[in-house]
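Reader: I should like to go through this protein with you. May I begin with the overall layout and then turn to particular elements?
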Amino acid sequence: MKNYTDLEQSKKLIEILPLESADMWYQYTGISIKDGSEKPIYFPMIMRDCKSDKDIPCWSLAALLSVLPDEITDNGDVYRNMVFRLKDKYTIQYPRLTTLWPSLLSVEAVNLVDACVEMIIKLYELKML
């Protein structure tokens with residue numbers, strides 16, 4: 001099970017979420033030279049033992065869930081956050097409070113961290129976050 005955002009997701013979320021909402025870090029530890037190319041090396045950490053301006057904030061599943069709004073109001077209708085799993089997919093959606101369908105927004109992913117990241121990006125793009 002994936003417990004926190006990967007490096008690419010973290011880089012996207014830096015542009016969207018307050019850095020204080022991150023509860024982990026990818027700590028920069030240096031550069032690896034493989035095949036003649038240089039690549040930065042990062043390790044996920046709960047607490048940084050030495051801070052660098054190259055460190056990247058990271059979000060755990062708990063931090064991502066706490067960022068998602070419980071309710072969204074759109075054109076006078078209230079939509080409540082709902083998270084569930086069917087077979088091998090996780091779904092996050094905002095169904096209307098009075099009826100389950102239709103939902104205002106919905107995302108699906110194979111793990112809950114990916115679903116949270118997708119929903120946060122979608123809410124941000126729609127200016128609902």
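Author: We shall take the overall layout, then the sheet, then the helices.

Author: Please keep in mind that this is a predicted model.

Reader: How many helices and strands does the protein have?

Author: The protein has 3 helices and 8 strands. Read from the N terminus, the elements follow the order α-β-β-β-α-β-β-β-β-β-α.

Reader: And what does the C-alpha trace span along its principal axes?

Author: The span of the C-alpha trace is about 55 × 30 × 25 Å. Of the 129 residues in the protein, 37% are buried. The accessible surface comes to about 8,100 Å², and carbon and sulfur atoms account for 54% of that surface.

Reader: What share of the contacts between residues at least 6 apart joins residues at least 24 apart in sequence?

Author: That share is 46%.

Reader: Let us turn to the sheet. What is the order of strands in the open sheet of 3 strands?

Author: The order is E6-E7-E8, and the pairing is antiparallel. Strands E6 (82–86) and E8 (103–109) are at the edges; each has a single partner strand, so one side of each has no neighbour in the sheet. From one strand to the next, the twist averages 20°.

Reader: How many bridges join E7 to E8?

Author: Strand E7, residues 89–95, is joined to E8 by 5 bridges, and the two run antiparallel. One bridge pairs Thr91 with Glu108 in E8.

Reader: Which helix packs on that sheet?

Author: Helix H3, residues 112–125, packs on the sheet and touches E6, E7 and E8. The direction of H3 makes about 140° with that of E8.

Reader: Now to the other end of the chain. Which residues of H1 are buried?

Author: In helix H1, residues 7–14, the buried residues are Gln9, Ser10 and Leu13. These residues lie on the same side of H1, because they cover an arc of only 100° around the axis.

Reader: What covers those buried residues of H1?

Author: The cover includes strand E1 (24–34), strand E3 (56–58), helix H2 (61–67) and H3. Helix H3 thus appears in both places: it packs on the sheet, and it is part of the cover over the buried residues of H1.

Reader: One last point. Which residue caps the N-terminal end of H1?

Author: Asp6 does so. A side-chain oxygen of Asp6 lies 3.2 Å from the backbone nitrogen of Glu8.

Notes. Residues numbered from 1 in each chain as written. Predicted model: local features only at pLDDT ≥ 70, side-chain atom pairs only at ≥ 80, totals over all residues. Heavy atoms only, no water. Pairing = 2+ DSSP bridges. Helix = DSSP H or I, 4+ residues; strand = E, 2+ residues; numbered from the N terminus. Axes fitted to C-alpha atoms, helices over the stretch in contact; angles between N-to-C directions. Contact = heavy atoms within 4.5 Å. Buried < 20%, exposed > 50% of the residue type's maximum accessible area, 1.4 Å probe, protein only. Arc of directions from axis to C-beta. Polar contact = N/O pair within 3.5 Å; in protein donor to acceptor, adjacent residues only side chain to side chain. Areas by Shrake-Rupley, 256 points an atom, 1.4 Å probe, with all protein chains shown as cover.
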